Amino acid sequence: MRKPDHNPFANSASLIVCGVLAGVVVAAAAFPAVAISGLAAKAGAEAFDQLPSELTVRRSPQITYVYANDANTLLTTLYDENRRDVPLADVAPIMRKAIIAAEDQRFYQHNGVDIQGVARAFVANQQQGEVSQGASTITMQYVRLAISYSATNPQQVIDASADTNARKLREMRYALAVEKQLTKDQVLERYLNIAAFGNSAFGIYAASQVYFGKEPKDLKIEEAAVLAGLVQAPTAYNPAVPENKQAATVRRDWVLEQMLKTGAISRAEYDTAKATEIKVTGKPSPNGCVSTTTASWGFFCDFFTRWWLEQDAFGKTPFERENRLKTGGYTIISSLDPPTQTAMKNTIEKYLPTVNPKTGRPEWRALMLAAVEPGTGKVRALAVNRNYKLDDPNAPVNGISTDLAKARLGIRGTYPNTTNPLLSGGGDIQGYQAGSTFKIFTMVAALEQGYPLDYTINTTSPYVSKFVIDPKSDAACQGNHYCPVNANPSYMNGPRNMWTGFGRSVNTYFVPLEERAGANNAVDVAKRFGIQFRARGTKPGEIRDYELSQPEPSKQWGAFTLGVSATTPLELANAYATIVADGKYCEPIPVEEVRDHSGNKLDVASPRCGQATKVEVARAAVDAARCPIGDQSALGRCDGSTFTQGRPLAQKYGKFPVAGKTGTTDEDKTAALVMMTKQLAVGGIIGDPDTPQLPRDPVTKAIEHFSHNQVNPAVAETLGAAMNGKKPINFDPPSPKMAFGTQVGIPAIAACSSVDAARSTLKAAGFAPEVDRGKPIDSPCPAGTVAKIEPTGKTVKGGVVVIYVSSGAAPGTPPGGGGPGGGGGGPGRGGGGGGGGSPAG
């Protein structure tokens, strides 16, 4: 620090220099340059006059607010700088007086540059030997900040605050010009909105919220004085930092003195305000998805931000889009439904808590659920038993990876803390196998090809398909044929149609159905319904994204219908939402409304939908999908289910029709369930995001086999809670043509006729006879002859009729009359069979 210079000649010289500078500034502003006497003054005025006077001002960064679908519940905020511009009318008058008293008491007297202030500061600084007083008016400070925010490169930012005469003269020139364009109140408003107040608060609105938890119109005298004192040194006077409390109080009291001096407050108000302790009652605004107002909303927030970064409306590149999100001051009403989200998260924690209550260790198994609104694609909830946050490397809590190779290196897994998009996919998350839920795509493909719901196939286990596979595979037989089996042959084998085959999840119904409908067509349905095929897997039948355009890859896609391709809970829920929305596919979307900083509604939140399949096809598929979860088809054709308790669990809060499908993979690597009503589809998968193909318990190292004990009730109860209070909407029944096709009579087969004769008779009538390959059945007919056929009476034109061979073991007289073709069929197994199994819905 230079010592003060008390030489009277030096002080006199300082006054003269200051007077010349002031004269140059004022003359340049108000008089022609020629009016200034002296060549030096004239040259200085000319140089000043040549400085640019038109200030280019870009809008300063604004905070973006994201709300839930009620337009009231804050989800999070996103910003580079926590700022929200407000009109001066929304700022308390006492706050305006406080900032003027602290920063520019002659604000309403000068024309942008306070010459008296310049002279006073120049003399004071010369006497002190350092900069002890500033002379920048509020207008000049605004100019400096505006230049900084309008900079197009780092050097311009540095130049905007450099302590040089050139910078100060430029600010003066701009300030004079600004005050010709704006009123004093407009200048004050812009300054209050652009100034930095510390603690990540920019502008008076953010400062009021961060320090005092209120809007600027509600500020008290002592609060206004605190904020007005911050702009000079926001860090040093930040009262939220304990060690700064004393300095903040001294600064606040100084501002109060200035307010008293200018007549902004009375002596009594001054005394009361000074005696009041500074209490910081606000808090910084949340920023981003790791600080959502409710912890479990982070994964939805992540889906929203990833969606935003893909929208061309917000910029040409992801960088531009992210920048706009964090600086554009948008108001966004998201599609998140808080009651559904809360119910979903609570249900997940009920069945598979994030932290195991018995061991105290984080749960490595992931129970992942997503909910989508049919007909709009609006994502209503996303939840998982994970925390959306990064694990602290200095104090990690995540468990060791379930990947053995990573575990040997001591690498930690993604439980309980992760920011990976477990529910929606992307990045390293390719998805999870969803098992038999994929059978819906084969069924839709078959319906599109003209096969009705009543189309019958005689199912056996194993089934020798026409698909090819590696002969070394466990699923191979007779060389390189893909040969699927049924999980429970006694429950699944026999003549099945789409109702009973889907209800009982019969593998050997859907693989031959896939053969008939075309595997490529089934894959195409999945694509139309939103399955993205991110994975580059190697399992038999697992579709890889690069294979979709290859010639005849479908010969190896036999297992596709059994769900070996990767998907996510969100894709799965949305695919089934497509079906229940009469075949209308809608892109999953996380927003209801987006408005820009000026309040203009942007055309980016409208549902993006298209017809993925015919209405009648979708309604037929929904009718069959009522069978697996314990409901009954509109035509009473369900016979058995894989999740009988689905309907009663979902109907805890009210009676409404439901549909859906369970899914289990080979070796139980995952388990899945989708359930839906006309208003909502909920999809769930339980699996291991770290090693989805070979999940291992991180403690025992044993391969894990997932069951439906957690995912099934979690999905059903979430759906039920979300439907609470909603009016039930019935499913539309399938048309007769989609249900039964063209029904024709089945010819009578002579009693105990030969198998060849029966086959010829049926084939001549246009049917597809198949001889049951199971054990011969007991009947009075001689061994090797026809014991019976199924179905009987009528069936779809060209449909399958199964011939059962007699063992000859049953006593009695061989039947006469109509023979094997004259009796009734089994319950629910064909066109003439009655409905059985689950009670009617």
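1. Does C627 count as buried or exposed? In this predicted model, C627 counts as buried because its relative accessibility is 0%, and its partner C638 is likewise buried, because its relative accessibility is 0%. The sulfur atoms of C627 and C638 are 2.1 Å apart and form a disulfide, and this pair links distant parts of the chain, with C627 and C638 in the loop between α23 (615-625) and α24 (646-650), 11 residues apart. The torsion about the S-S bond of C627 and C638 is about -80°, so this disulfide is left-handed.

2. A second bond to look at joins C586 and C609, whose sulfur atoms lie 2.0 Å apart. C586 belongs to strand β16 (residues 584-586) and C609 to strand β18 (residues 609-611), 23 residues apart. Here the torsion is about 105°, so the disulfide of C586 and C609 is right-handed. C586 is buried, with a relative accessible area of 2%, whereas C609, at 36% relative accessibility, counts as partly exposed.

3. Across the whole structure there are five disulfides, and, with bonded cysteines counted along the chain, they follow the pattern 1-2, 3-4, 5-6, 7-8, 9-10.

4. Turning to the pockets, the second largest pocket holds about 950 Å³ of space, and of the 36 residues that line it, N507, L562, T665, D666 and E667 are the closest to its centre. The lining of this pocket divides into 14 nonpolar, 15 polar and seven charged residues. Both α18 (489-492) and β19 (659-664) supply at least two residues of that lining, with β19 giving the largest share, three residues.

How values were computed: Residues numbered from 1 in each chain as written. Predicted model: local features only at pLDDT ≥ 70, side-chain atom pairs only at ≥ 80, totals over all residues. Heavy atoms only, no water. 1 Å grid on protein atoms, 1.4 Å probe; cavity = no way out; pocket = protein on both sides within 12 Å on 5 of 7 lines; lining within 4 Å. Points joined across faces, edges and corners; volume = space filled by probe spheres on them. Helix = DSSP H or I, 4+ residues; strand = E, 2+ residues; numbered from the N terminus. Nonpolar A, V, L, I, M, F, W, Y, C, P; charged D, E, K, R; others polar. Disulfide = S-S within 2.5 Å. Buried < 20%, exposed > 50% of the residue type's maximum accessible area, 1.4 Å probe, protein only.
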